[in-house]
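Thanks for asking me to look this one over with you. Below are some numbered notes to help you find your way around.

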Amino acid sequence: MRGWCTLRLMGEPGRARVVVRRAGAGFRWALVTGNGRVVAVSGAEYADQQRAVLACESQLKTDRAALTVTVKHGANSRGWMWHAVTRSGELVAASPVSYERHGTCVRAAQRFLTITISHEP
């Protein structure tokens with residue numbers, strides 16, 4: 001199942017899609033831009049595909065000022081990863097991969113933060 005969100009990426013009109021995949025015992029969303037690049041993955045697993053899509057749409061509406069993005073060296077990886085967390089501590093999204101360089105990871109987190117929902121009529 002694929003859910004679609006209409007997005008503006010880096011200030012330019014564009015489309016990104018939410019792809020839902022089985023992960024462990026549940027489902028996770030991945031935000032994929034028009035060029036096929038995975039920008040972010042969900043911070044949690046969801047019981048079914050529809051809940052994953054709804055959670056993504058809700059989480060992407062979160063005010064950017066309410067998110068704290070941290071960049072740190074991954075405990076179980078060889079690289080840098082970013083995480084976006086709400087003030088209440090809910091993990092909204094994370095980097096889809098680990099990055100070799102700190103600066104590359106920071107830029108990837110910034111790309112995620114530039115994505116805003118603009119609803120289709």
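**Notes for a first look**

1. A good place to start is the pair Asp-48 and Arg-51, which form a salt bridge whose closest N and O atoms lie 3.6 Å apart. The structure holds one salt bridge, and this is a predicted model. Asp-48 counts as partly exposed because its relative accessibility is 31%. Arg-51, at 51% relative accessibility, counts as exposed because the cut-off for that class is over 50%. As background, side chains of opposite charge can pair when their charged atoms come close.

2. Now step back to the overall layout. The protein chain has two helices and eight strands. Following the sequence, you will meet them in the pattern β-β-β-β-α-β-β-β-α-β. Of the contacts with a separation of 6 or more, 40% are between residues 24 or more positions apart.

3. How much of the chain is buried? Buried residues account for 36% of the 121 residues in the protein chain. The accessible surface of the chain is about 7100 Å², and carbon and sulfur atoms contribute 50% of that surface.

4. Next, have a look inside. The largest nonpolar core has 23 residues, and among those with the most contacts inside it are Val-18, Trp-29, Trp-82 and Phe-112. At least two residues of this core come from each of several elements, including strand 2 (12-23), strand 3 (26-33), strand 6 and helix 2 (102-114). Helix 1 supplies the largest share of this core, with five residues.

5. Strand 3 and strand 4 are worth tracing together. They pair in the antiparallel sense over three bridges, with Ala-30 standing opposite Val-41 in strand 4. The hairpin of these strands has four residues between them, and Gly-36 in this hairpin takes a positive phi near 90°.

6. From strand 4 you can carry on to strand 7. These two strands also pair in the antiparallel sense, over two bridges. Here Ser-42 has Ala-93 in strand 7 as its bridge partner.

7. Another hairpin, of six residues, joins strand 5 to strand 6. Strand 5 (residues 67-73) and strand 6 (residues 80-86) run antiparallel and are joined by seven bridges. To find your place in this pair, look for Thr-70, which stands opposite His-83 in strand 6. A general point helps when viewing such pairs: in a regular strand the side chains alternate between the two faces of the sheet.

8. Leu-91 makes a handy landmark in strand 7. Which residues does Leu-91 contact, leaving aside its neighbours within four places in sequence? They are Gly-43, His-83, Ala-84 and Val-85. Leu-91 counts as partly exposed because its relative accessibility is 29%. Between Leu-91 and Gln-59 there are 9.7 Å in space, C-alpha to C-alpha, although they are 32 residues apart in sequence.

9. Lastly, a word on the cysteines. The count of disulfides comes to zero, with the rule asking for a pair of cysteine sulfur atoms within 2.5 Å. Cys-56 counts as buried because its relative accessibility is 0%. Cys-105 is buried as well, with a relative accessible area of 0%.

Notes: Residues are numbered from 1 along each chain as its sequence is written. This is a predicted model: local features need pLDDT of at least 70, side-chain atom pairs count only at pLDDT 80 or more; totals for chains, interfaces and linings use all residues. Side-chain values use heavy atoms; hydrogens and water are left out. A salt bridge is a side-chain nitrogen of Lys or Arg within 4 Å of a carboxyl oxygen of Asp or Glu. Buried means under 20% relative accessible area, exposed over 50%, partly exposed in between (1.4 Å probe, protein chains only). Two strands pair if DSSP finds at least two bridges between them. Contact means heavy atoms within 4.5 Å. Accessible areas come from the Shrake-Rupley method with a 1.4 Å probe; for residues, only the protein chains shown count as cover. A nonpolar core is a set of buried Ala, Val, Leu, Ile, Met, Phe, Trp, Tyr and Cys residues joined through side-chain atoms within 4.5 Å.
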